[in-house]
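User: Could you take a close look at the biggest pocket in this protein and walk me through what lines it? I'm new to this, so plain words please.

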Amino acid sequence: MRETPEELKELQALLDASLARSTSHLRSIISAERTLTADQLTGVLTGMCTLALSTVTAKGEPRISAVDGHFLHGKWHFGTARGAAKARHLAARPAASAAHLRGEELGVFTHGTVEILNPEDGPPAADWPDLLAYLKDFYGGDAFDWEKEVVYYRLHPHWMTVYAAAE
């Protein structure tokens, strides 16, 4: 868990607000007994979590693919090849949805807008050096050319909800 108390508070407020404004159908599935608190969620989402990432083409057609997701500071972080279709989609239309599923036990669903953390033609995000150190430690520092081959994103959620099977 890498979240500060303030980040946990913000994440909990997002989770609560998202569920409150969800449909009655969703709220009938995700009850107080079938969700996680921000503190619990950050304890579960450690390391790499495969995400199903949804982007939109120029024609408005949805596209879905998988990315390595890292839940850090209450937000999803993920990367892809700079030449990937999803990178072109996100550069033109930064809205994205992501889902992390673990069988029927856990589902984390997020809608938001991405921020490019290491743009090719501009300065990186202020926290990029810390994130890069985390990623190099996780994947190995010489896995690939971190500056030229891969673009990393942070998904700023405006809606997020969690389904967790009752124990």
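Analyst: Here's a tour of the pocket, with a short stop at some paired strands afterwards. Keep in mind that this is a predicted model.

A handy idea to start with: rolling a probe the size of a water molecule over the atoms shows where empty space is left. The largest pocket here comes out at about 200 Å³ in volume. Which parts of the chain build its lining? Helix H1 (5–20), strand E3 (75–81) and strand E6 (150–164) are the elements that each give two or more residues. H1 chips in with the largest share, four residues.

Now for the names. From the early part of the numbering, the lining has Glu-7, Glu-10, Leu-11 and Leu-14. Then there's a run made of Leu-72, His-73, Gly-74 and Lys-75, plus His-77. Asp-127, Arg-154 and Pro-157 round off the list. What's the chemical mix? Five of the lining residues are charged, four are nonpolar and three are polar.

While you're looking around, check out some strands that pair up. E4 (residues 95–102) pairs with E1 (residues 48–56) in the antiparallel sense, over three bridges. There, Ala-52 stands opposite Ala-99 in E4. E4 also pairs with E5 (residues 106–116), again antiparallel, this time over eight bridges. One of the pairs to look for is Ala-98 with its bridge partner Thr-110 in E5. E4 and E5 form a hairpin with three residues between the strands, and in it Gly-103 takes a positive phi near 55°.

Terms used: Residues numbered from 1 in each chain as written. Predicted model: local features only at pLDDT ≥ 70, side-chain atom pairs only at ≥ 80, totals over all residues. Heavy atoms only, no water. 1 Å grid on protein atoms, 1.4 Å probe; cavity = no way out; pocket = protein on both sides within 12 Å on 5 of 7 lines; lining within 4 Å. Points joined across faces, edges and corners; volume = space filled by probe spheres on them. Nonpolar A, V, L, I, M, F, W, Y, C, P; charged D, E, K, R; others polar. Pairing = 2+ DSSP bridges.
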